Amino acid sequence: MADSDTPRTPPLLLPDAIHQAIKPGTALLRLETTSSRQGRLDGAWWPRTRDIETELPVLISALTEHLGPITRVGVDASAWNGLPTRLVIDDQIVHLDSDPVGDDTVLVTRGHNDHFALLVVPPDTTADDARDVMARAVRADDITQAAQILIATTPEPEDSADAAG
């Protein structure tokens, strides 16, 4: 069999440049891969802007594909630019609740009572930091709160580190 006849397998990792090409309205999502759901968080989401009407539809479409119909989303209204009470996404009505969950968490409801907590990576986070945050958020054995994960995985600004040293 000649080399040209050998089927090429796609790379398992996306190239680093993919993060520069991502536009608002593209879902960057990572979910816990076990069904145990023992950790505090079920996944992480990295929206590219604070425009909920641009970012949320793609997230809900991606979640619906993996989890089934999403009926409700709870977000901290102060973290987003405008918050409607509902959106029609893929011909389904999704209700939005302004919950004081903190701007680092989104609560997603499937059906009537099945809740999923997603860490929200701030839009201005670097690709490397976002990758670290998202990896930690989906660890099944981790019960760390979202805000603590963000603090632990985001480097301190250099000027405050210099002042401490």
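## Strands side by side

In this predicted model, β3 and β6 run antiparallel, with four bridges joining them. One spot to look at is I70, whose bridge partner in β6 is R110.

β6 also pairs with β7: these two run antiparallel as well, and six bridges join them. Pick T105 and you'll find L119 as its bridge partner in β7. β6 and β7 form a hairpin with three residues between the strands, and G111 takes a positive phi there, near 70°.

## The largest nonpolar core

Now for the inside. The largest nonpolar core has 21 residues, and the two that touch the most other members are L56 and V73. Several elements chip in with at least two residues each: the helix α2 (52-67) plus the strands β3 (70-75), β4 (86-89), β5 (92-98), β6 (105-110) and β7 (114-120). The top contributor is α2, which gives six residues to this core.

What does V73 touch once you leave aside its neighbours within four places in sequence? The list runs L56, I60, V94, H95, L96, D97, V106 and L107. L56, then, is both a contact of V73 and, along with V73, one of the two residues touching the most other core members.

## A second core, and one side of α3

There's a second core too, separate from that one, with 14 residues. Among them are L119, A130, V133 and A137. L119 is the residue you already met as the β7 partner of T105.

A130, V133 and A137 bring us to α3, which covers residues 127-137. Its buried residues are A127, D129, A130, V133, M134 and A137. They span an arc of only 160° around the axis, so they sit on the same side of α3. Notice that D129 is on that buried list, while D128 is partly exposed, with a relative accessible area of 49%.

## Three salt bridges

How many salt bridges turn up in a search of the whole structure? Three, and here they are one by one.

R72 and D97 meet through their side chains at 2.9 Å, N to O. R72 belongs to strand β3 and D97 to strand β5, so this pair ties together parts that are 25 residues apart in sequence. Both ends are partly exposed: R72 has a relative accessible area of 33%, and D97 comes in at 24%. D97 is also on the list of V73's contacts.

Next up is D114 with R110, whose side chains meet at 2.3 Å, N to O. D114 is partly exposed at 23% relative accessible area, and R110 is partly exposed at 28%. R110 is worth a second look, as it is also the bridge partner of I70.

The last pair is D128 and R131, with a salt bridge of 2.5 Å, N to O. These two are three residues apart in helix α3, so about one helical turn separates them. R131 counts as partly exposed at 33% relative accessibility, and D128 is partly exposed too, at 49%.

## Tying it together

If you want a few residues to click on, start with V73, which shares with L56 the distinction of touching the most other members of the largest core. Then try R110, which pairs with I70 through a strand bridge and with D114 through a salt bridge. Finish on α3, where the buried residues lie on the same side because their arc is only 160°, and where D128 and R131 form their salt bridge.

Technical notes:
Residues numbered from 1 in each chain as written. Predicted model: local features only at pLDDT ≥ 70, side-chain atom pairs only at ≥ 80, totals over all residues. Heavy atoms only, no water. Core = buried A, V, L, I, M, F, W, Y, C linked by side-chain atoms within 4.5 Å. Buried < 20%, exposed > 50% of the residue type's maximum accessible area, 1.4 Å probe, protein only. Contact = heavy atoms within 4.5 Å. Pairing = 2+ DSSP bridges. Salt bridge = Lys/Arg side-chain N within 4 Å of Asp/Glu carboxyl O. Arc of directions from axis to C-beta.
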